Amino acid sequence: MTLHRNTLSFTALVVSGVLACVQHSGAQTLLHESNFSEGLDGWTVQEYNGFCPIGSFVRHVTNISHETTGGMTGPFMRAIEPAVGDGAYFKAPPGLVMMLPDAAGGWLTFERRTQVISGTPFGTVQDEVTIIGNGMTLVAATPFPPLGAWRNRMVPMVHSAWRVGSCAGPIATPAQFEGALNSASQLFIKCEQVYGLELNDLDSVRLYGPPSDGCGLGWQWVDNDQPAGRWGHAVALDTHRNVIVLYGGFTGERDTWEYTPTPDGVGTWRRTATEGPGPKANHAMVYDRARGRVVLLGGAYAPIANFPEYLTSAEVWEYQSDGIVGTWTRSPDSLPQPRESLKAVYDEQRNTIVAYGGTASGTGATDVLERGSGSTQWVSIPTTINPGPRLDHAMAYDSARGKAVLVAPGETHMAAYQWNPLANPPEWEQIDASSPPQSRGRAGLAFDTSGGRNVFIMCGGEFGSTNFNGTFELNPAASGGPAWRQRAGITAAGQGAARTRHAVSWDPVANQVLLFGGILGSVNPQRQVLGYSSSANKWTDRWNTSTLTPREFAGAAFDHTTGRVIIAGGGIVTRPGASPARQIARAPFAWDGVAWSRLPDSPTSFWKAPMVYVPTTNPPSMFVYGGERGGVLNSHVSDQVWRLDLGPAPAWSTVNQSPAGRRAQHAAAYHAGIGRVVFFGGRNENTTLLNSTWTLDPLTEEWTQVFSTTTPSPRTGASMAYDERRGVVVLFGGLTSPGVYDDSTWEFDGSQWINVTPPDGGPAPRASASMVYVNSRGTLVLSGGVGSSTTNSQGLDDVWEFDGRTWRRLLPTIGEHMIGKSYASLVYDPVRDRLVRFGGTAIAFAQSGTSYHWYLSSQTWTLDLPPVPVIHGHPSSTDACPGDEIEFSVALASDEGCTFEWRLDGAPIDTNLNPTASLSTLVIASAQPLDSGVYECLVTNPCGSTLSAAAELVVPDCCSPADFNQDGGIDGADVEAFFDAWGEGDPSADVNRDGGVDGADVATFFDAWENGGCG
């Protein structure tokens, strides 16, 4: 017969794994927690119009309730909307609001779930957190989780994560953020999701203070000896210090740079501020000599995620610097209306800023804006004659004649105008110059005073889809009348360099025109500084560090033989726009922790193909299979395999084509346990999604298809890495159909796939994220990716860690503004114990709702992971009898600096009743039915906390050995079952628990049987 016997577990111990705790000064303090263990904890629901509305809805929240079961860790709060609506506004209690000033630099976390009762869910919305204080509203938006799924949302309490007024508003300045926190009166958490009837659930709200200084600096931009590549930026020459100030661009940076020219023409860079007016682009900048400060006008807040239009700004900002630290302040004198793509100069004779063009309220502006010295008001000057509504013009100041000069494309050739403010009334005058160049917009223009020449230098520009490298000289006072003259073309690194959307300035020290960044004819964007000398009629590289071009979807891995990060392939954007032309890279590069160096070219260009490090070949090598090759617009999916042998002289070779067929955007990892490279999923040349699993023996080059009982569904862009500690390949997420992103977690042991998605969830659904194994922690770390198919999605920049049981989000301090959130290359560097990230797609947004623009990053970032507790093992669920001693443990390599808080059903266990509740092992000396429930341990060190997996304890009222077959009754069947087990020496027959199966167990059994149970 089959023996149905519940073998009692007297001790629930973690068998393997460690939890690392490190002592640091300071701590990340839990300032407030609402876990709804006994009630609503002071939370309410309020009804009013939303800050990020997605339609004209009327909210009718009629009920808020306390639910005792069903949340992630027990009780939660629920709001019900019985009518059409799009949100439930949970209002925080005063206790949380009072702690907001102390939370600056910390985090707000909450767990959310929405369930649809009726109606249709929206697809591209987000959760919001709203703070009201100091007369303003601050909003932070987070991607919304899948319907019905609990998800932990974490909002950083730093100004750059919040917007003013609405989630389409400008990014908050440090002063605005500080002011709102210090005088906060209300905080709301809102869910936008459903057109119809919905249930909105909120659980476990926590507010943390800033982490210790010793807990990591967050992502750090490391190749930052000069500004990152950019376009749509602006510069201004500080004539007091002879320093050129650079800010902004469509690349989204918020750092400020000063370039100090030197007589040899080389110059030096210095970064004077890491935060400024926000991610501005297409703004104007001039130096106000009378007031001694740089003035920034208008522009657009470019990277607005989840909204169809970027914001055109009317803001005016001013910058002052001592050469070491720079400070931006918002000027009270806003422009008369929002404008972007305007241009401005400083009239030195009148000490007046003159601005023209750009968009005003959606249309091209034709009035002149002026602000005089000492004034705080802008004057709009209409004119009878004007250069027309302009977005593509350039302006410079003629200091010899006291005129502002504008050049712009005409019907076929360039047109030129000068502003005469002394005319009555003030008026534009057309400059009828001979031999005008072919029309082009967005060129650079500077006034050249070298040797008393007093001419304008125009360089680069674009017309339609064509970029130009031409240089032209405009002399308004030539002896034979105003005239254009063609000069030497722009060159960079000795080659022609068609350039547009760059910025130029006059260098009075080396007497040259300086060109900064812009879009080059072959890559986008650039970070060079080029100099032009009129006397020599020659362009010269002043700064040129664009050895490694911007790219996305590049293969990446760590070379253990030389201790370097290797990247290869990837897509290179040649021009932004709705249908950007791209090239595919061929050359691999190596990062030694300081700089990139070029390696031998691969046999062909490729992208969207993972690169895998294999240590068992001689020499160790990297394998690349499939991907797209050729050019992006004429690319095809490949079935080719390449091998890069590493060591002192890296060399490529071609491996036989794969029988797995053509595929791209698949996942790959080397499984050390079976000595094979594992490939999963992707898509073929017909765009069909795949879910087949293949392995490659790198020594014999033998391919094998693996047929698993269960397998992940077909997908592209899944993340995959080998967990060395547990000996399994782990796969996460991917795109399972157009617009559908996955958040499941799978493991492959070499022969079978198993779904190990934690019940508490993990990272938000995404594709094309990067996942690596971190040796020092024994965990897998996942970062980045995209979780939305909307054309203006910025991508994700969160960091998650998987220990084999649970996912948890890491909390590095928010460092500088990262560029390239999607499709970046991520590698773990075990030599330096840090993550290295390169490139990626930085932004995609809609301009005026019509065209889309994006660019690629050439930045290198590193992340030293914060030393928060890492749990490798967790307590296990168990059953017990009344009176049994029970232990739940987390095993530690060291307990230095760690504290432990054991919880029962989400509530901390009183240490006065059980002192072991603050130790790594919780001991229940004599378990009773009231001890039944879910146990967890919160482990905390100065850098953060980790919650263990939940373990359930069941202690029944009666636990008699007489009911041996556990059918709820005590009868002859129990006698039969007992003697079957006793006769076979089965350990379950050791009912007296003395370690042996003998006659004493028979006596114990019959005593209980005759007693009728627990009697």
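At what angle do helix H3 (residues 972-983) and helix H4 (residues 999-1011) pack, and how far apart are their axes? In this predicted model, the two helices meet at an angle of about 170 degrees, and their axes lie 12 Å apart. Because angles over 145 degrees count as roughly antiparallel, H3 is described as roughly antiparallel to H4. On the H3 side the contact is formed by Gly972, Asp974, Val975, Phe978, Phe979 and Trp982, while H4 contributes Gly999, Asp1001, Val1002, Phe1005, Phe1006 and Trp1009. Sorted by character, the residues of this contact comprise eight nonpolar, two polar and two charged.

The largest nonpolar core has 31 residues, of which Trp43, Leu100, Met157, Trp162 and Leu187 touch the most other members. Two or more residues of this core come from each of the strands S4 (76-81), S6 (107-121), S7 (126-133), S8 (136-143), S11 (184-192) and S12 (194-208), and likewise from helices H1 (94-98) and H2 (174-182). Leaving out residues up to four places away in sequence, Met157 touches, among others, Leu100, Ala103, Trp107, Ile131, Trp162, Phe177, Leu181 and Leu207. A second core, separate from this one, consists of 30 residues, including Leu514, Val799, Leu810 and Met818.

Another site to consider is Thr327, which belongs to strand S24 (residues 326-330) and is partly exposed, with a relative accessible area of 44%. Once neighbours within four places in sequence are set aside, Thr327 is in contact with Glu318, Tyr319 and Gln320. Between Thr327 and Glu275, the separation is 52 residues in sequence and 8.7 Å in space, taken from C-alpha to C-alpha.

How values were computed. Residues are numbered from 1 along each chain as its sequence is written. This is a predicted model: local features need pLDDT of at least 70, side-chain atom pairs count only at pLDDT 80 or more; totals for chains, interfaces and linings use all residues. Side-chain values use heavy atoms; hydrogens and water are left out. Axes are lines fitted to C-alpha atoms, for helices over the stretch in contact, and angles run from 0 to 180 degrees between N-to-C directions. Helices (H or I, at least four residues) and strands (E, at least two) are DSSP runs, numbered from the N terminus. Angles under 35 degrees count as roughly parallel, over 145 as roughly antiparallel, 65 to 115 as roughly perpendicular and the rest as oblique. Contact means heavy atoms within 4.5 Å. Ala, Val, Leu, Ile, Met, Phe, Trp, Tyr, Cys and Pro count as nonpolar, Asp, Glu, Lys and Arg as charged, and the others, Gly among them, as polar. A nonpolar core is a set of buried Ala, Val, Leu, Ile, Met, Phe, Trp, Tyr and Cys residues joined through side-chain atoms within 4.5 Å. Buried means under 20% relative accessible area, exposed over 50%, partly exposed in between (1.4 Å probe, protein chains only).
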